[in-house]
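This report describes selected packing, pairing and backbone features of the structure shown below. Helix contacts, strand pairing and individual loop residues are taken in turn.

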Amino acid sequence: MCSRFLRSATGQMKLPKRDSLLFLFRIAVFCCFFPAFAEAAQISGHLSLYGEAKYRDGFKHFDYVNPQAPKGGKVVFPSYGSFDNFNPFIFKGTAAAEAAALTLDTLGFSPADDPSVVYPLIAKKFEQPTDKTYIGFILDERAKFSNGTPVSADDVIFSFKILTEKGAPIYRVYYGDVDYVKKINNHHVRFYFKKGSNNKELPLILSQLSVFSKKDWEGKDFSKPSLTPYVGSGPYILDRFQPGKYVVFKRNPDYWAKDIPSRRGFYNFDIVDYEYYQDTTVTLQALFSGNIDLRQEYIAKIWATGYDNRQVKSGQIIKAEFPHNKTAVLQMFMFNLRKDIFKDRRVRKAIGLAFDFDWANDKLFYNQYRRLTSYFTNSGMEASGLPTGKELHILKKYRSQLDDEIFTQPPEIPSHQTPVQTRKNLREAVRLLREAGYTFKDGKMVNIETGVPLSFEIIDNSANGKSFTRVMLPFIHNLKKIGIDATFRTIEVNIYKNRLDNFDFDVAIMAFAMSQMPGNEQKEMWGSASSMVNGSYNIAGVANPVADELINGFVTAQNKNDYEAYVRAFDRLMLYENYIIPQWYSPTDKAVYANKFELPRTKLKVGFQPFTWWMKKEYRP
C-alpha cells in the first residue's frame, strides 16, 4: 500500500478592492515566481486511494479500540534471532525492528479496519492540487520528539533524503517518482512528483514516512549499524537492552499524540519487553512458565495438541482465534531465478507439481489451513477462470510477449486429494522436464546436454526449520520419485538473512506480508530494476518486462475498476510463470496469552491487535 496528498491554499484567491495597474502588475509577477499559490489545491483530514473513507474528518477514535482503556503494567513478547542495531531502514546488520515501530511516528496512519485510507498522525492535514503534481503535509504543531524538540518540515525533508541516500535499496525504488521536496514553512512540506509519473499511490506511500530528528543524527553515519538509541517521536522510549537477549521500552508519559484520534486507545502498556529466542517452539514453554505473556501460533500441530493442559483448561492461559480480512501472507518456496536450473518455467512448474499440500494439511496441519491460490489470496483481486473484460483487454496489449496458455487456461494450483491425482501430477512433471531437456539416467533426472543431475538445496531459518522438516520430507520424497535430488537445510537467522541479501541460495522458504492495496512495493518485490540489487526484496530475481508494465498499470490506475483489472492481470502472469510455489494461509490469527489482559469488544475482522489491549486492574501497579 502507499500514500496520500496535501495542499495548503483554499483554491481561490480574493483580491483586495484595488484596480491600480501597479498592483495588478505586482500580483502577476508574484504568481509567475510563486506558481504554487495559484494552483487549486484541496486540504483534507484524510487520504484515500479512490475517494472512499470509513471515518469522517473530526472522528474521535477507531472502532476497534477502547478509547478509555487504562494505562499501566508490563507486557512481555517473544522475538526471534538476534540484533546488532536499532535501524531497520538500512541494508547492513540485523535490526531490532521493534525499536522503529514503537519509537518513531509516521506522517499518517492506516487503521486495520480501513487499510486503504490514511488518517492524521504527525501530519494533521493533507494537501493535493487538482493536477496531482505534489502531495503536501501540514504538520501538527503539537508533534514533538521524545527530547521535547518540535517536529519540523526540516526533519521530514531530512528523513526522506537520508532514506533515499543512505537507506536500504527499497527506498530508492519506493520513492523513485519524487522529483524534489520543498519546505513551505516550518510546519508545511511538499513532495513534488516527476513529470508524467501518474503514481496515484505515491501520496499514500509518502504518508508512511518515518520521521527522524535531523539534529539527533548530526555527526552520525545513518548507513552503519549502531546500538546507540536515536531520538524518536513515537509512544515509547528505549529503556534497556542486551543484544540477542532482550530489548525493553517504556511508555513516554509525555507522548505528544496520545490523545489524537489515530492513537486513542492504543499503546496502553507502561513497559514493553521483547525477549529473544532462537526457536518459535521454545516460546511455548516460555509462555507456560510465565517468562512471556503471549505468542502467536503458526504451527498447526501445536495449535491442535500443544495446549491440552491444566493452565489452558483452567483459564489461566487463553487460546483464541482472531478473524481477519487481510490479504493472506504470501508464504512460499521461492526459486532463485539467477540459477541456470530455474530459468526454464517448465522446470519450476514440474517441481511445484511435486508439492503435496493436501497430504500435509490432512496429516500434519489438522486441516487448519487453506492453499494459497494467488499472490493476493483473500483480497478479492485474485486471478481466476479465463481473463475477461478489462483484464483481457489489458493482457491483449502484450499478446506477442505472452504464451497462449495465459489466455486459454485458468490459473490452477495442483491438487493431491487422491493418490491418483498425485501420480498424474508426477507424470506431468516428468513430461515437462523431458520437454525442458532432461531425461532419466540411473534413476536421476539429468540435463541431456551437460549430463548434470537436477539437484538443489532448500533453505529456511532456524526459527522455523524444525516445524518445516515434517513438511519437507514428503516433498523431497516426491521429488526423488521423478529423479530430482533435493535437500533441506535450516540456517541460523542472521546467516539466513545474509544469504538472501546476497542471493546465495537455490530455493528459500519465504513469507511476504502482502498489502491490502498492492502498489509500489510490488516493484521492489518483483520489478526488473531491483532484481540484481543486493539486499532488495526481489529475492527471486524476477525480471519480466510485462510484469513491470502491469505493476506500473495498477500503480498509475486512476479508477478502482482499472486498478483491480491490472492487479488480476499481474497475478495471472506471475502464477503462470511459476516463480514461486505457493504454500498455505490461515483465515484467522491464532494467539495464546496469559489471562491478565482486557480486550476491546469488537466484531470487526481486524486480526491480532495486542497494542489495543490493556492490563487487568490487578496487573497495573
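Two strands are taken to pair if DSSP finds at least two bridges between them. The model is predicted, and the features that follow are computed from it.

**Strand β21 and its partners**

By this criterion, strand β15 (residues 330-335) pairs with β21 in the antiparallel sense, over six bridges. Within this pairing, M334 stands opposite A508 in β21. Strand β21 is also joined to strand β19 (residues 455-461), in this case by two bridges, and these two strands run parallel. On the β19 side, I458 has V507 of β21 as its bridge partner. Strand β21 thus has an antiparallel pairing with β15 and a parallel one with β19.

How many of the six residues of strand β21 are buried? Five of the six residues in β21 (residues 507-512) are buried, so the strand is largely enclosed by the rest of the structure.

**The open sheet β2-β5-β4**

An open sheet is built from three strands in the order β2-β5-β4, and its pairing is antiparallel. Its edge strands are β2 (47-48) and β4 (108-109), each of which pairs on one side only. Strand β5 (residues 117-120) is joined to β2 by two bridges, with the strands antiparallel. Here L47 stands opposite V118 in β5, and S48 stands opposite V117 in β5. Two bridges likewise join β4 to β5, again in an antiparallel arrangement. In this pairing the bridge partner of F109 is Y119 in β5.

**Helix packing**

Two packed helices are described by the angle between their axes and the distance between the axes. Two helix pairs are set out on these terms in the table.

| Helix pair | Angle between axes | Axis distance |
|---|---|---|
| α9 (residues 345-353) and α13 (residues 419-435) | about 160° | 8 Å apart |
| α11 (residues 389-396) and α18 (residues 560-577) | roughly 60° | within 8 Å |

Angles over 145 degrees count as roughly antiparallel, and α9 and α13 are therefore roughly antiparallel to each other. Helix α9 passes α13 in a left-handed crossing. On the α9 side, the contact involves R346, V347, K349, A350 and L353, which meet N425, L426, E428, A429, L432, L433 and E435 in α13. By class, this contact of α9 with α13 comprises seven nonpolar, one polar and four charged residues.

Is α9 mostly covered or mostly uncovered? Helix α9 is mostly covered, with seven of its nine residues buried. The buried residues of α9 are R345, V347, R348, A350, I351, G352 and L353. Of these buried residues, V347, A350 and L353 also take part in the contact with α13.

For the second pair, the angle of roughly 60° falls outside the parallel, antiparallel and perpendicular ranges, and α11 and α18 are therefore oblique to each other. Helix α11 passes α18 in a right-handed crossing. The contact is made by K390, E391, I394 and L395 of α11, together with N561, D562, A565, Y566, R568, A569 and R572 of α18. The residues of this contact of α11 with α18 divide into five nonpolar, one polar and five charged.

**Individual loop residues**

T94 is found in the loop between β3 (74-80) and α2 (98-103). Buried means under 20% relative accessible area; T94, with a relative accessible area of 15%, is therefore buried. Which residues contact T94, leaving aside its neighbours within four places in sequence? They are S82, F83, D84, N85, N494 and K497. Of these contacts, S82 lies 12 residues from T94 along the chain, and the C-alpha atoms of the two are separated by 7.2 Å.

Two tyrosines have a positive phi. Y267, which is not a glycine, has a phi of about 55°. Y267 is found in the loop between β11 (246-251) and β12 (271-277), and at 13% relative accessibility Y267 counts as buried. Phi of Y366 is near 55°, also a positive value in a residue other than glycine. Y366 lies in the loop between α10 (357-363) and β16 (370-371). With a relative accessible area of 40%, Y366 is partly exposed, whereas Y267 is buried.

Definitions and conventions
Residues are numbered from 1 along each chain as its sequence is written. This is a predicted model: local features need pLDDT of at least 70, side-chain atom pairs count only at pLDDT 80 or more; totals for chains, interfaces and linings use all residues. Side-chain values use heavy atoms; hydrogens and water are left out. Axes are lines fitted to C-alpha atoms, for helices over the stretch in contact, and angles run from 0 to 180 degrees between N-to-C directions. Helices (H or I, at least four residues) and strands (E, at least two) are DSSP runs, numbered from the N terminus. Angles under 35 degrees count as roughly parallel, over 145 as roughly antiparallel, 65 to 115 as roughly perpendicular and the rest as oblique. A crossing is left-handed if the near helix is turned anticlockwise from the far one by less than a right angle, and right-handed if clockwise. Contact means heavy atoms within 4.5 Å. Ala, Val, Leu, Ile, Met, Phe, Trp, Tyr, Cys and Pro count as nonpolar, Asp, Glu, Lys and Arg as charged, and the others, Gly among them, as polar. Buried means under 20% relative accessible area, exposed over 50%, partly exposed in between (1.4 Å probe, protein chains only).
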